[in-house]
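Here are a few exercises to work through with the structure on your screen. Try each one yourself before you read the solution.

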Amino acid sequence: MPTVKIVNLQSKSIHCDDKRESLLDILLTATDWMHACGAKGRCTTCKAKIVAGMEHLSPRTRPELQYAKLNKLREDERLTCQAQVSGDIEVKVPKETQLPHLTYTE
Ligand code: FES
């Protein structure tokens, strides 16, 4: 049973079942998370910095590769609507996509 931990949001931990779900779907079960294009891979507002467990995410999709080429997605970042989770990971919400009604620790 994979666990997703949001380290800069009170280290909130989300336990998910083994079926492959998008990281965004998992995050939305426990918190608000920006996703302006509706999970279609057409924006970067859903991105997360992956602190640990990058190897437990599916390979980058075409939209992610395009955003990386445009320097809008760093090596340690993923679009949460595109990445599927298969094991434990730790993420941080990037400063630019933090929501005003939530309290982040960094
Ligand atoms: S919600 Fe727009 S790319 Fe993920």
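**Exercise 1.** Work out in which sense strands β1 and β5 pair, and over how many bridges.

*Solution.* Keep in mind that you're looking at a predicted model. Start by finding β1 at residues 3–6 and β5 at residues 89–92. Follow both strands and you'll see the parallel sense, with three bridges between them. For a concrete pair, pick V4: its bridge partner in β5 is I89.

**Exercise 2.** Now find how β3 joins β5, and which residue of β5 is the bridge partner of I50.

*Solution.* Go to β3, residues 47–52. This strand and β5 run antiparallel, joined by three bridges. Look across from I50 and you land on V91.

**Exercise 3.** Put the five strands of the open sheet in order and name the edge strands.

*Solution.* Step one is to add β2, which pairs with β1 in the antiparallel sense over four bridges. A handy marker here is I6, which stands opposite K12 in β2. Step two is to read across the sheet: the order is β2-β1-β5-β3-β4, and the pairing is mixed. Step three is to check the ends: β2 (12–15) and β4 (77–79) each pair on one side only, so they are the edge strands by the definition of pairing. As for the twist, neighbouring strands of this sheet are turned by 35° against each other on average, ignoring direction.

**Exercise 4.** Find out which residues of the largest nonpolar core touch the most other members, and which element supplies the largest share.

*Solution.* The core has 20 residues, and the ones touching the most other members are V4, L23, V85, I89 and V91. Next, see where the core comes from: β1, α1 (23–28), β3 and β5 each supply at least two residues. The largest share, three residues, belongs to α1. Now zoom in on I89: leaving out residues up to four places away in sequence, I89 touches V4, I50, A52, G53, H56 and L57. You've already met V4 as the bridge partner of I89.

**Exercise 5.** Decide whether G41 is buried, partly exposed or exposed.

*Solution.* First locate G41 in the loop between α1 and β3. Then count: G41 has 17 C-beta neighbours inside 10 Å. Buried needs 20 or more and exposed needs 12 or fewer, so G41 counts as partly exposed. Beyond four places away in sequence, G41 touches T61, P63, L79, C81 and Q82. To finish, try P100, which is 59 residues from G41 along the chain: their C-alpha atoms are separated by 23 Å.

Conventions
Residues are numbered from 1 along each chain as its sequence is written. This is a predicted model: local features need pLDDT of at least 70, side-chain atom pairs count only at pLDDT 80 or more; totals for chains, interfaces and linings use all residues. Two strands pair if DSSP finds at least two bridges between them. A nonpolar core is a set of buried Ala, Val, Leu, Ile, Met, Phe, Trp, Tyr and Cys residues joined through C-beta atoms within 7 Å. Two residues are in contact if their C-beta atoms, placed from the backbone, lie within 7 Å. Axes are lines fitted to C-alpha atoms, for helices over the stretch in contact, and angles run from 0 to 180 degrees between N-to-C directions.
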